[in-house]
Amino acid sequence: MTDEKVRAWVSEGHVCVRGIQRYLGYTDGNRFTLVQARTLAGMLWRDGDEKGAAVVNAAADELEAVDPLAEVRQRGGDVFVPKGWVGIVLELHAALVAVDPSIQYRQIKEKFGELRVYHSSDATEARELIRAAEAKSLATCESCGNAGVMHRSEHGWYRTLCPSCAGEHEQGYTVVKQR
Ligand SMILES: [Zn+2]
């Protein structure tokens, strides 16, 4: 163990930490996911290094603020989620991990105005959770998260929007009748 102070910073969607060499599995200078960083902070706190814990937690807070989907991205795939649907995806992610702790994502995106989640899980419950989240996305403005409906732009783009955001975008959005 060194006298070096714990330092932590955010880089490429991870928390990087220096000054910690004594925890098994936590090599000095390693990159941590959000959950790992919180775990590490907990260990430091438990062992009396309150300053170290605060430093790591501050970097974890920063990561969460910069990218609320950081934890989702740790599970692979391309993750492109419109701002208004971040809450839906975070809620879904928590439920999916509870059902299948080893779940990996192939892709999470918006397609034709609807949330699409491609994943590795065989669990029936996972499929049901995703279907429910996709249905929810069809009633949620992808820009602001308020209640929304499917719109079509004059160029043929489909987006789920609230009346206010549809007007702001100035793309000639009109409401699409749901089939
Ligand atoms: Zn909106």
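**Talking through this model**

Reader: D67 is said to be partly exposed, so how many other C-beta atoms lie within 10 Å of it?
Author: A residue is buried with 20 or more other C-beta atoms (placed from the backbone) within 10 Å of its own, exposed with 12 or fewer, and partly exposed in between. D67 is partly exposed because its number of other C-beta atoms within 10 Å is 16.

Reader: What sort of model am I looking at?
Author: Residues are numbered from 1 along each chain as its sequence is written. Local features need pLDDT of at least 70, side-chain atom pairs count only at pLDDT 80 or more, totals for chains, interfaces and linings use all residues, and the model is predicted.

Reader: Between which helices does D67 sit?
Author: Helices (H or I, at least four residues) and strands (E, at least two) are DSSP runs, numbered from the N terminus. D67 has G13 54 residues away along the chain, yet their C-alpha atoms are separated by 7.4 Å. As for its place, D67 is in a loop, and that loop lies between α2 (50–66) and α3 (70–73).

Reader: Which element gives the most to the largest nonpolar core?
Author: A nonpolar core is a set of buried Ala, Val, Leu, Ile, Met, Phe, Trp, Tyr and Cys residues joined through C-beta atoms within 7 Å. The largest one here has 18 residues, and V15, A37, V56, A59 and A60 have the most contacts inside it. At least two residues each come from β1 (7–11), β2 (14–18), α1 (34–46) and α2. With six residues, the top contributor is α2.

Reader: Leaving aside neighbours within four places in sequence, which residues does V15 contact?
Author: Contact means that two C-beta atoms, placed from the backbone, lie within 7 Å. With those sequence neighbours set aside, the contacts of V15 are A8, V10, F32, A37, V56, A59, A60 and L63.

Reader: Cool, and how many bridges pair β1 with β2?
Author: Two strands pair if DSSP finds at least two bridges between them. In the hairpin of β1 and β2, two residues come between the strands, and E12 has a positive phi near 45 degrees. A8 stands opposite V17 in β2. β1 and β2 run antiparallel, and their bridge count is five.

Reader: Which residue in β3 is the bridge partner of C16?
Author: β2 is also joined to β3 (residues 31–32), antiparallel, by two bridges. There, C16 is partnered with R31.

Reader: In the open sheet β8-β7-β9, which strands are at the edges?
Author: This sheet has three strands with antiparallel pairing. β7 (residues 149–152) pairs with β8 over four bridges, and V149 has L161 as its bridge partner in β8. Two strands have a single partner each, so one side of each lacks a neighbour in the sheet: β8 (158–161) and β9 (174–175).

Reader: And in β6, what's the bridge partner of I108?
Author: Another open three-stranded sheet runs β4-β5-β6, with mixed pairing. Here β5 (residues 105–111) and β6 are antiparallel over six bridges. Within β6, I108 is matched with V117.

Reader: How far apart are the centres of domain 1 and domain 2?
Author: The bounds, from an automatic or database domain assignment, are 7–66 for domain 1 and 70–175 for domain 2. Six residues of domain 1 are in contact with four of domain 2. On the domain 1 side, α1 and α2 are the elements that give two or more residues. Taken over C-alpha atoms, the separation of the centres is 30 Å.
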